[in-house]
Protein chains: 2
Amino acid sequence: GVSQDIDHILEIQSALAVDLGGTNLRVSIVSKAGEIMHMMSKPTPSDNTARMESLLTLLVDASQIATKLNCRVLGVGVSTGGRVNPHEGLVMHSTKSLEGWSAIDLRTPISSALHLPVWVDNDGNCAALGERKFGHGKGKEDFLAIATGTGIGGGLVLNGRLVHGSNFCAAELGHIAVSIDGPACMCGSSGCVEAYSSGLALMREAKKLHQAGELIVDGMKIDTNEIISAKHLIQAAKLGNKKAEKIIHLGGEALGTAVISILHLLNPTLVVLCGVLAPTYVDIVRETIENKALPSARGVKVQVSLLKEPALMGAASLVLEYATRRIY
Amino acid sequence: GVSQDIDHILEIQSALAVDLGGTNLRVSIVSKAGEIMHMMSKPTPSDNTARMESLLTLLVDASQIATKLNCRVLGVGVSTGGRVNPHEGLVMHSTKSLEGWSAIDLRTPISSALHLPVWVDNDGNCAALGERKFGHGKGKEDFLAIATGTGIGGGLVLNGRLVHGSNFCAAELGHIAVSIDGPACMCGSSGCVEAYSSGLALMREAKKLHQAGELIVDGMKIDTNEIISAKHLIQAAKLGNKKAEKIIHLGGEALGTAVISILHLLNPTLVVLCGVLAPTYVDIVRETIENKALPSARGVKVQVSLLKEPALMGAASLVLEYATRRIY
Ligand SMILES: [Ca+2]
Ligand SMILES: [Ca+2]
Ligand SMILES: [Zn+2]
Ligand SMILES: [Zn+2]
């Protein structure tokens, strides 16, 4: 009838986008225009079977909600922690925040359950893709996205294409070395930028400071059962705690130092800082570049992402870009 | 006549290849097969006018010798220190070792004097091109060449093409940061790999050691008027000087640390170490990668260049590759 035809005309081309992190598993419906139409979230289960079950359940639910919202789902895009083979839709290996999440074929079970094409990439790469489709990276041929959060990740676009590397571990930005010695990193090495600049690194330092009774300053209140985190360190620094300020400055300087190495290696025009720590670090990163990069590399633009969810947007863009091109 | 025809048949397609470094200015005739048919060398004059005159004189001489050697010169390829715009054949800016060598159009005067097409690129990039045409990089899509010498330079091949960067300062490998603080570098920054691993850095440390009376060990003899250099440090280390050994190890570790950052950023399959310090550093670089790179990045091959003159060979390859393709 007439109303059905109108429904069809009003259908919104959409993607189911998954963000699979160490803390939360989130599934959303993202429209072609980049609008998050619906979002569901669960704590990430700690074993693989439960993780996969939760993921499939959320996706099936999301797909039903999509129908109700008159969204036509073109496919599923997954952003996940870990090293990913995007050709095969496979998580090859993960770090400790996603324990056991290795050699996991995501494409086959999702595709079987939903009868939709499935794309998978790592969260840092997805952040770069999100920036390219909806953010500062639009129309840019060469840029770098840095994802700050619990860890440090990122993605690199060169000549308009994501660089995956010979065995899919390019843009492992968190493990760019900024010190020959330096603090131990979760990866087993030491002196990685992640060991200075990540949320976990700041948490580690915040805890040390708190144990020494040097974290809390006037205007701060921490409950006894509260878990000390990067958030408290940032708050303390803002309230004038010089030691907290110094730790954050070192984190930003380490990130800036890693960025300089990238500038000197690839000389891109743009670096986009994403994630919760981006506003904290951006000025220190700019200052470090100004002080220490080669004059010819200083022209780079460093911008804070304007996207609320770059990785999720990137996961959606995997679908929205590829599904409409009919390239699987 | 008959002899002329035979001459023509026996003509060797060749390039005039220039290597313009801080110490020596060298011009050679390189055959298509990669043989150095003739080589001329002069100390590099310290002012621009004299430099250009010497260069043109040597090139005119070389071109006459080429005729005598029955070499048909297809063009001139120049490897020079400094940042280069290869599209315009222009040296944009140089470091202190080629003082004043900035905003120098090399293509126009050479092309006018010799009536030949002219290609120019920076020495690190030329080393990578030399490896690609005649060395370990043959047939490789993604690899990195590191040039060790007075400074540290290099070139990066991705998807079969040299990466020049948005304003021609990609692969400024010497100024990859390996320390947030670290020793001062000639570029004005600090903690650059060049400040640890270059010939100049080793020279600086050798002089310090010598002044403290701790350089010379049994089996070594240094004349009073001899200039202390990296060579002496390496000799001392080989003869069991533990302090010299430690300095060299730190140099190698710093270079390995820079390589790890590159592996984690780009995940190439091959790194070629070129230049005089390559044999000294190769094992330490491999060991550093083994100890500190992500497991997924450790598979990279690190090889010492087998070419005597990678940069010169790369300068020749600019001619031999492009002239026969008729792309200017
Ligand atoms: Ca990545
Ligand atoms: Ca270079
Ligand atoms: Zn690490
Ligand atoms: Zn430097």
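## Zinc site of chain A

Both H175(A) and C185(A) are buried. In this predicted model, the two residues serve as ligands of a metal: the zinc ion (ligand 3) is coordinated by H175(A) through ND1 and by C185(A), C187(A) and C192(A) through their SG atoms, at 2.0 to 2.3 Å. The four donor atoms subtend angles of 105 to 117 degrees around the zinc ion (ligand 3), and the arrangement is therefore tetrahedral.

Along the sequence, the donor residues of the zinc ion (ligand 3) show the spacing H-x9-C-x1-C-x4-C. H175(A) and C185(A) are ten residues apart, and the pair links distant parts of the chain; each of the two lies in the loop between β11 (161-162) and α5 (194-197) of chain A. For C185(A), the relative accessible area is 10%; because buried means under 20%, this residue falls in the buried class.

## Zinc site of chain B

A zinc ion (ligand 4) is held in chain B. Its protein donors are H175(B) (ND1), C185(B) (SG), C187(B) (SG) and C192(B) (SG), which lie 2.0 to 2.3 Å from the metal. The site of the zinc ion (ligand 4) is tetrahedral, with angles of 105 to 117 degrees among its four donor atoms.

The spacing of the donors of the zinc ion (ligand 4) along the chain is H-x9-C-x1-C-x4-C. Here H175(B) and C185(B) form a pair that links distant parts of the chain: both residues are located in the loop between β11 and α5 (194-197) of chain B, ten residues apart. H175(B) has a relative accessibility of 4% and so counts as buried. C185(B) is likewise buried, with a relative accessible area of 9%.

## Cysteine pairing

The number of disulfides over all chains is zero. The criterion applied is a pair of cysteine sulfur atoms within 2.5 Å. Cysteine sulfur atoms do appear as metal donors, including SG of C187(A) at the zinc ion (ligand 3) and SG of C187(B) at the zinc ion (ligand 4).

## Symmetry of the two chains

Chain A can be superposed on chain B with an RMSD of 0.0 Å by a turn of 180 degrees, with a shift of 0.0 Å along the axis. This is the relation of a two-fold axis. The same surface serves both copies, since 100% of the contact residues of chain A recur in chain B. Within chain A, the residue that comes closest to the rotation axis is S179(A), whose C-alpha lies at 2.1 Å.

## Interface between the chains

The contact involves 42 residues from chain A and 42 residues from chain B. About 3,300 Å² of area is buried between chain A and chain B, and carbon and sulfur atoms give 60% of it. Three residues, I180(A), L265(A) and N267(A), supply 23% of the area that chain A buries against chain B, more than any other three residues.

## Backbone with positive phi in chain B

A103(B) is a residue other than glycine with a positive phi, near 55 degrees. Its position is in the loop between β6 (90-93) and β7 (104-105) of chain B. With a relative accessible area of 61%, A103(B) is exposed.

N159(B), which is not a glycine, also has a positive phi, of about 50 degrees. The residue is found in the loop between β10 (152-158) and β11 (161-162) of chain B. N159(B) counts as exposed at 52% relative accessibility, because the exposed class begins over 50%.

Definitions and conventions
Residues are numbered from 1 along each chain as its sequence is written. Chains are lettered from A and ligands numbered from 1 in the order in which they are written. This is a predicted model: local features need pLDDT of at least 70, side-chain atom pairs count only at pLDDT 80 or more; totals for chains, interfaces and linings use all residues. Side-chain values use heavy atoms; hydrogens and water are left out. Buried means under 20% relative accessible area, exposed over 50%, partly exposed in between (1.4 Å probe, protein chains only). Copies are superposed by least squares on the C-alpha atoms of residues with pLDDT of at least 70 in both. Contact means heavy atoms within 4.5 Å. Donors are N, O and S atoms within 2.8 Å of the metal (3.2 Å for Na, K and Ca); water is not among the atoms, so sites may look incomplete. Four donors count as tetrahedral if all angles lie between 85 and 135 degrees; four count as square planar and six as octahedral if opposite donors are over 155 degrees apart and all others between 65 and 115; anything else is irregular. Helices (H or I, at least four residues) and strands (E, at least two) are DSSP runs, numbered from the N terminus. Buried area is the accessible area (1.4 Å probe) that two parts lose on being put together, summed over both.
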